[in-house]
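Biologist: Could you walk me through this one? I have some questions about its empty spaces, its helix packing and a few details of the chain.

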Amino acid sequence: MAADRLRSVRLHLVVLILYALLAVVTSWPLVRHLHTHVPGSDTWALDEYTFLWNTWWFRYSLLNLGQSPLHTDYIFYPLGVSLALYTYNLFNALVSLPLQPFLPLPAISNLTFLVSTVLSGYGTFLLVDSLIRRIQRPTTESPQPSVEEPRNLDGSLRVIRYGAAFLSGLIYAFGSYRMVYAAIGHYDMWSTTWIPFYLLFLMRTIWAPGRRNAILAGICLTLALLCEMIFGVFLGLFTLILLAFALSRRSETAIQGGRADLLKRIAVMVLAATVLYMPVLVPILREMSKGYELAGWGDAEKLSVDLLGLVTPAALHPLGGDWAETLTQTREGTSRFHDVHTVFLGWAGLALAVVGAVRYRRYLAAWTTSLVVFTILSLGPVLQVNGRSTFDLDGLQINVPLPFILLHYIPVVKANRVPNRFSVVLMLALAVLAGFGAYWLLRAITGRRSTARRFLYPGLGLVAALLLFEHWSAPLPLTDARLPSVYGPVTADGEDCTVLQLPLGWRHSFGMQGAEDTRTQYYQTHHHKRLLSGNISRTPPFQFDYFRRVPILDSLIALQAYGEVDAARQAADRATAGEFVSFYNICYVAVAPGIPGRPPYVDTRDAALNYVREVLPLERVSRQEGWILYRVKQPPLPEPFAVDLGTSAPRTAMVLGEGWAEAEEIQGVTANWAIAQKARFFLRAVAGNEYRLTITALPFVYPGAPEQRMTLWVNGHRLETLRLTEGWNTYHWQVPARFLRPGLNELSFEFARLDRPAEVVPGNGAIGQTGVQAPTAIEVNSGGPADFAYITVGSGDEARDGSVHRPGYNVAVIHPRSGRLLDRRGFDLTRSGSEDEAVALADFIRRLPPGRIVVVALQGEPVYWSEEVVAALREIGGQTDLRGTTDWSHAIIGVKGAAPGTAMEVAGPERGWLRVAPDRRTLAVAVDAMVWERISQPE
């Protein structure tokens with residue numbers, strides 16, 4: 001027994017060593033540049049540097065700043081961003097925590113990648129070995145209705161079992177999908193270590209009694225979630241498939257303790273994972289409740305697997321083409337596939353999987369089902385074949401919808417917008433089936449003849465070579481992670497200030513504003529200065545809008561996107577540049593060289609550079625290797641610092657954070673409504689000084705409104721709560737020096753109540769004299785003889801076109817409570833129409849249920865008027881009779897059943913325009929002037 005155990009330990013060590021050697025070889029030349037380069041591609045998104053930044057921020061926020069690593073204001077400064085929905089890879093960040101004092105971040109990341117590769121293979125090895133053991137040694141307690149195997153195993157069968165499990169590990173750990181994800185910087189997707197371990201302990205939880213395996217499965221599930229939260233969706237679906245087969249009648253006898261006990265063990269597993277993941281899960285759910293976890297389909301069609309891609313080598317393969325050229329073509333939309341080709345099943349691996357699925361079809365039914373399900377889901381919402389998703393069938397253009405569409409409508413699950421990510425479980429199911437295929441094939445070849453057994457090791461070597469070749473990805477693309485020498489003065493400067501970097505941009509998963517190079521965010525790990533720019537996964541829209549409102553930043557955004565800034569705008573920017581750099585405490589401007597093949601910055605760098613030279617108060621520090629570093633000369637901010645919130649001036653744009661509307665006239669004064677429970681703003685202070693904040697404000701009131709109260713918060717400290725009186729009045733707060741920090745301070749007003757005018761003010765959004773309130777914004781334009789008619793229902797992203805743009809009367813019908821556009825029609829009463837159209841218009845209005853909102857817009861000159869048409873329009877509150885007129889427009893917003901003359905109506909020789917919009921904003925207090933002044937310190 002001791003000898004067998006020692007032999008087993010030695011064999012497992014051999015497996016680990018082989019995987020380690022292969023990890024080095026298949027990622028070559030990574031090990032040669034362990035401390036200086038990381039897997040990635042210069043001409044792609046450079047996402048690899050977000051993961052290096054993540055590991056630094058995790059440690060720096062905890063140990064240096066003493067704050068949660070799930071929020072930062074070191075990027076997107078001064079707003080800051082939540083990192084709860086960020087592709088954080090918390091497991092790798094935790095691993096790096098004790099290593100950062102001793103190793104540079106690139107070395108830690110590279111070692112993590114190599115170890116993850118080794119353990120992904122080893123976990124798959126253990127999983128497949130455990131599954132094969134079940135068919136080799138069936139027991140009376142858990143008989144398997146599968147293939148009979150001899151009970152007395154000889155050395156060859158042991159080698160075959162281990163060899164088959166080893167080949168499975170090769171497919172999963174060294175599959176090209178992991179290498180492609182590494183080459184495009186998606187480090188979360190190569191962090192597959194804990195997926196096979198979770199499934200190993202899940203299977204043992206199904207097979208064996210007791211809670212130990214269930215707890216271990218819960219721990220491994222948590223570790224997988226810490227690598228990438230979306231793994232929870234994949235593993236949840238995988239678990240459901242495996243449990244469905246385990247709980248089927250055919251497999252009931254294989255469950256130790258029966259179904260009830262298995263469900264208890266699964267409950268223990270889920271409880272263990274939930275408890276361990278709770279510190280991360282709560283912030284995630286809180287952030288997802290804000291409603292911006294996914295914008296539409298999130299490019300799901302583009303990020304899907306092409307059907308032919310499943311059997312086409314990746315571009316990293318020697319037969320796959322030129323990697324850099326493929327990335328360029330993908331960015332330009334001229335490549336064979338819509339996105340970077342990530343999922344190749346392999347020919348030998350797929351053939352072995354088919355053999356395993358057929359020969360062990362009963363035993364592996366759950367794994368075969370998983371392979372099919374995950375393959376279909378990876379294909380995305382519509383079928384794509386060789387880059388096409390629309391197919392011509394004898395002139396009929398069709399798309400083939402796929403089951404991924406259903407996932408889009410499941411809460412939480414819909415957060416996975418990238419179908420090709422199913423590869424992390426798809427390839428594991430393939431590896432398991434291929435392992436069984438190799439097991440059967442090797443047994444069939446060797447049999448019991450001693451002469452055949454001499455071919456066992458060469459046969460294993462040949463199959464391993466085939467599997468490695470079809471997924472070969474060396475040399476792995478690398479990017480240079482060394483800090484440019486030009487940053488030396490920035491790193492040496494101990495001042496807590498801000499660096500403005502070119503390219504300057506803000507990026508999240510759905511788009512980019514400006515031009516962004518994530519390496520400049522990574523360089524923050526060296527200099528520790530704050531950045532206005534940043535790269536994040538999810539952000540509310542305001543966190544892009546804020547920076548666009550600041551004129552100097554907007555000019556840089558435009559210039560980097562091939563736009564222009566005229567002389568007048570540049571002069572205006574120059575006039576406010578001193579205040580701009582002082583407000584944000586910008587101490588350096590670092591200008592990066594452009595990267596060939598990576599637009600737009602490579603083309604627009606000179607324009608952006610010339611702009612900052614002309615506008616900002618700069619002093620050049622150094623110029624090296626295409627980099628330029630400037631020191632910024634900051635003039636003092638004016639004191640007192642006065643802000644007029646009723647304008648869109650640069651000062652106002654910089655000061656106001658979330659929770660504010662736009663400047664508008666309010667009771668004769670241009671001001672700005674606070675529209676959130678907390679309205680945030682930023683003001684700069686000098687250390688050790690006490691300040692006074694004075695505002696001119698007006699509370700939103702209505703008959704019977706409760707008293708409005710307003711509390712000031714400064715950097716998380718609560719100050720005095722003031723009672724506001726009706727009308728415009730002045731209010732003061734004195735802010736102690738102990739609550740302030742040097743530089744920008746975060747302040748906010750908190751309000752006792754928020755109210756929607758549409759709900760509390762009679763007549764708000766009223767449709768004429770009909771007595772009906774419009775549930776949504778409605779706008780109608782009638783050009784009459786100018787030959788246009790527009791009807792818009794809703795506003796912003798929810799706006800809908802209510803006109804069919806036909807000559808004659810365009811009619812839209814709207815639900816009076818939901819504001820939903822129910823119907824839209826066109827009735828041609830012009831010379832191109834007929835009297836039948838007039839009859840149809842009258843009949844259509846007559847059949848509408850009472851209470852429906854009806855919008856009418858005339859396009860062209862009507863000639864087929866009738867008494868019926870006049871009567872029909874009077875049924876919706878209209879009263880104008882156009883008979884006898886020429887070249888008139890006509891627009892109505894009415895209600896079916898309203899008295900004639902009560903609708904909103906305009907008619908005449910000029911363009912007809914009507915709009916009704918209930919104010920559904922939540923209003924608290926309008927603020928006009930804000931004054932921030934330093935006062936003497938208290939004695």
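Modeller: What follows goes through the disulfide, unusual backbone spots, a helix pair, and then the pockets and cavities. This is a predicted model, in which local features need pLDDT of at least 70 and side-chain atom pairs count only at pLDDT 80 or more, while totals for chains, interfaces and linings use all residues. Residues are numbered from 1 along each chain as its sequence is written, and side-chain values use heavy atoms, with hydrogens and water left out.

Biologist: How many disulfides does the count come to?

Modeller: The count comes to one disulfide, where a disulfide is a pair of cysteine sulfur atoms within 2.5 Å. The partners are cysteine 497 and cysteine 587, with their sulfur atoms 1.9 Å apart. The two cysteines are 90 residues apart and link distant parts of the chain, with cysteine 497 in the loop between α18 (488-492) and β7 (498-502) and cysteine 587 in strand β12 (residues 586-591). Helices here are DSSP runs of H or I with at least four residues, and strands are runs of E with at least two, numbered from the N terminus.

Biologist: And is that disulfide right-handed or left-handed?

Modeller: The disulfide of cysteine 497 and cysteine 587 is right-handed, because the torsion about its S-S bond is about 65°.

Biologist: Which residues does a cis peptide bond join?

Modeller: One cis peptide bond joins alanine 474 and proline 475, with omega about 0°, and proline 475 lies in the loop between α17 (456-470) and β6 (478-480). Another joins leucine 502 and proline 503, with omega about 5°, and proline 503 is in the loop between β7 and β8 (505-508). On the backbone there is also histidine 528, a residue other than glycine with a positive phi, near 60°.

Biologist: Switching to helices, how do α8 and α10 cross?

Modeller: The axes of α8 (residues 212-227) and α10 come within 8 Å and cross at roughly 35°, where axes are lines fitted to C-alpha atoms over the stretch in contact and angles run from 0 to 180 degrees between N-to-C directions. The crossing is right-handed, meaning that the near helix is turned clockwise from the far one by less than a right angle.

Biologist: What classes of residue make up that contact?

Modeller: The contact of α8 with α10 has 14 nonpolar, two polar and one charged residues, where Ala, Val, Leu, Ile, Met, Phe, Trp, Tyr, Cys and Pro count as nonpolar, Asp, Glu, Lys and Arg as charged, and the others, Gly among them, as polar. Contact means heavy atoms within 4.5 Å, and among the residues that meet are Leu221 and Leu225 in α8 and Met269 and Tyr277 in α10.

Biologist: What about the second largest pocket, what is its volume?

Modeller: The second largest pocket has a volume of about 1100 Å³. On a 1 Å grid over the protein atoms alone, a pocket is an open set of points with protein on both sides within 12 Å along at least five of seven lines, a cavity is a set where a 1.4 Å probe fits but cannot get out, and lining residues have an atom within 4 Å of a point. Grid points are joined across faces, edges and corners, and a volume is the space filled by probe spheres set on the points.

Biologist: Which element gives the largest share of its lining?

Modeller: That is β23, with six residues in the lining of the second largest pocket.

Biologist: And how many cavities are there?

Modeller: A search of the whole structure finds four cavities of 30 Å³ or more, with about 120 Å³ of space in the largest. The lining of the largest cavity has seven nonpolar, seven polar and no charged residues.
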